[in-house]
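User: Could you take a close look at the aromatic rings in this protein for me? I would like to know which rings pair up and how they sit against each other.

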Amino acid sequence: MAVAEVQQVAIAFNDLKAQQRLIREKIDLAISKVLDHGRYVLGPEIDVLEAHLADFCDAKHALSCSNGTDALIMAMLALGIRSGDAVFVPSFTFVSTAEVVVLCNAIPIFVDVLPDTYNIDPNSLKEGIKQAKQQNLNPVGVIAVDIFGQPADYNALREVTIENDLWLIADAAQSFGARYQQKKVGTLADITTTSFFPAKPLGCYGDGGAVFTDNADLVDVMSSIRVHGQGLDKYDNVRIGINGRLDSIQAAVLIEKLKIFPQELIDRQKTASFYTAELAQMLGVPRLLAGVTSSWAQYTLKLPDYVDRDSFMLGLRELGVPTAVYYPIPLHMQSAYLQYPRVTDNLKVCEALADCVVSLPMSGYVTASQAEYIVDAVKQVISKQ
Ligand SMILES: *Cc1c(COP(=O)(O)O)cnc(C)c1O
């Protein structure tokens, strides 16, 4: 298709409306069932959803919760984080990953990422552990992030965390549905957390999240933490917790959305493969590790030096193609986080990525003709640089 005119039908960055059109009647019915039974909090949909989520990703236990940020807090509290402990986090991520560490009165230590996968660099982590010990910090764990939908390199990370007696949390807010070798996201770390924020690969119609683990003790503790640290009954509190429950209505929505999720993952992969085949010659395309799949929360390009990102994005906008930058400032450079340690003064890869990344439209509903229009538009804008 030639890029002569702007597309008649607007291209969405993440086409949630197309998804809703497909399942609207089922969603309406599922929500009206909640209105009928009236158990808005911890209603029957919660158990059903949790069973389906665990089954979907082969985890022994899944617990739904209020959002992906609270999921991280529940995970760290269950792992026994204490005031002054240090936790390693990549700097090229959404703010929650480091924020939760500070909220637990612990110290985030920022680690660099890899230039090809954008995920935490195991060698930078090793260097960080060495330094933390020299500085008499007390490192207790690592939060790996599966950025843009691709799992981090868990075999390499496991080796480092086992050797150094650290726990490992997978922040899988962007990667639910992905695989790492034979295993699914949800089983790759001591605890895996995810988010059902509407724009994530599996999203609800509000805030939501979940935690996954194979450890029965950890799931018991997290289910207590989820309801204010409750013990045997409501007014028996045995630990400090949070209000971390998911609403029954959101669970009802997720039960329906989970049914179409496998097909959406296939369609996201189709779009990503097409983008990569068409654009790899001229732009930095995302690379997957061998034996690893992505749930393609984002399809993120690296622009070469000669391309100005603002004019690239403006040129695409004029052709009706929305783009976005995830993330324009690494966390270690943000004012709220300047005071926290980092492995080196400059986390070179994080900083370089922040300057050159840009994400293209992605969802399970990018049509073949839209994908063609998008790559033609990208080629046209690049040729004018
Ligand atoms: C979205 C996101 C979160 C937070 O999830 P919420 O549900 O918005 O609280 C945490 N980590 C990463 C990497 C995310 O992308």
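Analyst: Let's walk through the aromatic pairs of this model, which is a predicted one.

A pair of aromatic rings is described by two things, the distance of the centres and the angle of the planes. Rings count as a pair if their centres lie within 6.5 Å, and by this rule there are 17 aromatic pairs here.

Start with F92 and Y327. Their ring centres are 6.1 Å apart and their planes stand at 80°, so this pair is edge-to-face. The two residues come from distant parts of the chain, 235 residues apart. F92 lies in the loop between β2 (85-90) and α4 (96-103), while Y327 lies in the loop between α9 (309-318) and α10 (348-356). Both F92 and Y327 are buried.

Now turn to F176 and F212, an aromatic pair that is stacked. Here the distance is 5.3 Å centre to centre, with 15° between the planes. F176 sits in the loop between β5 (167-171) and β6 (179-180), and F212 belongs to strand β9 (residues 209-213), so the pair ties together parts that are 36 residues apart in sequence. With a relative accessibility of 2%, F176 counts as buried. F212 is buried too, at a relative accessible area of 1%.

Let's return to F92 and Y327, because ring pairs link them into a cluster with F13, F94, Y118, F148 and Y326. One member of that cluster, F94, also has a charged neighbour: the charged end of K200 sits over the ring of F94, 5.7 Å from its centre.

Definitions and conventions
Residues are numbered from 1 along each chain as its sequence is written. This is a predicted model: local features need pLDDT of at least 70, side-chain atom pairs count only at pLDDT 80 or more; totals for chains, interfaces and linings use all residues. Side-chain values use heavy atoms; hydrogens and water are left out. Rings of Phe, Tyr and Trp (its six-membered ring) pair if their centres lie within 6.5 Å; planes under 30 degrees apart count as stacked, over 60 as edge-to-face and the rest as tilted. Helices (H or I, at least four residues) and strands (E, at least two) are DSSP runs, numbered from the N terminus. Buried means under 20% relative accessible area, exposed over 50%, partly exposed in between (1.4 Å probe, protein chains only). A charge sits over a ring if NZ of Lys or CZ of Arg is within 6 Å of the ring centre and within 35 degrees of the ring normal.
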